[in-house]
Amino acid sequence: MKKIVIACAVILAGVLSSCGDTNYCYEVTQKYNFLGQEVSSTTYIWATSNELDATIDEIEAELEAMGLSKDAYTIDYKKASKSQEECY
């Protein structure tokens, strides 16, 4: 019984850790005010969830380099139902 529980735990750990390695198409939308104008930009990214997090960090760094504080912009993302060829 103990071996079955350990085997199940190992399998579950493998399944949970591999979720960040699957590529999906993500729709990333950023919104902010710049010089009194609301700016909105949507980008499609084919990436793993880990790569998506890195991309969002890069976008945040760019916005902060423009002088925007974290509460002055929003970045939202969701999975898009596009294939790799359609995701651009």
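How many helices and strands make up the secondary structure of this protein? Hi everyone, let's start there. There are two helices and three strands. If you walk along the chain from the N terminus, the elements come in the order α-β-β-α-β. Please keep in mind that this is a predicted model.

Now a few overall values. The protein has 88 residues, and 23% of them are buried. Its accessible surface comes to about 6,500 Å², and carbon and sulfur atoms account for 56% of that. Then there are the contacts. Take those in the protein with a separation of 6 or more: 60% of them are between residues 24 or more positions apart.

Next, the salt bridges. How many does a search of the whole structure find? The search finds two. In one of them, glutamate 60 pairs with lysine 70, and the closest N and O atoms are 3.6 Å apart. Glutamate 60 sits in helix α2, while lysine 70 is in the loop between α2 and β3, so this pair ties together parts that are 10 residues apart in sequence.

Lysine 70 also meets the side chain of glutamate 64 in a salt bridge, with 3.6 Å from N to O. Because these bridges share partners, you can picture Glu60, Glu64 and Lys70 joined into one network.

Is lysine 70 buried or exposed? Its relative accessibility is 54%, and the cut-off for exposed is over 50%, so lysine 70 counts as exposed. Glutamate 64 has 35% relative accessibility, so this residue counts as partly exposed.

Let's move to the surface patches. Which residues form the negative one? They are Asp53, Asp57, Glu58 and Glu62. If you want to find this patch on the screen, look for aspartate 53 in helix α2. Aspartate 53 is partly exposed, because its relative accessible area is 40%.

There is also a nonpolar patch on the surface, formed by Phe34, Leu35 and Met66. Together these residues have about 320 Å² of accessible area. Where does methionine 66 lie? You will find methionine 66 in the loop between α2, which covers 49-65, and β3, which covers 73-80. With a relative accessibility of 38%, methionine 66 counts as partly exposed.

So here is the picture to take with you. The loop between α2 and β3 holds methionine 66 of the nonpolar patch, and lysine 70 of the salt-bridge network is in that loop too. Thanks for listening, and do ask if anything was unclear!

Definitions and conventions. Residues are numbered from 1 along each chain as its sequence is written. This is a predicted model: local features need pLDDT of at least 70, side-chain atom pairs count only at pLDDT 80 or more; totals for chains, interfaces and linings use all residues. Side-chain values use heavy atoms; hydrogens and water are left out. Patches are made of residues with over 30% relative accessible area and no salt bridge: like charges are joined within 9 Å, nonpolar side chains (Val, Leu, Ile, Met, Phe, Trp, Tyr) within 5 Å. Accessible areas come from the Shrake-Rupley method with a 1.4 Å probe; for residues, only the protein chains shown count as cover. A salt bridge is a side-chain nitrogen of Lys or Arg within 4 Å of a carboxyl oxygen of Asp or Glu. Helices (H or I, at least four residues) and strands (E, at least two) are DSSP runs, numbered from the N terminus. Buried means under 20% relative accessible area, exposed over 50%, partly exposed in between (1.4 Å probe, protein chains only). Lys and Arg count as positive and Asp and Glu as negative; His and the chain ends are not counted. The place of a charge is taken as NZ of Lys, CZ of Arg, CG of Asp or CD of Glu. Contact means heavy atoms within 4.5 Å.
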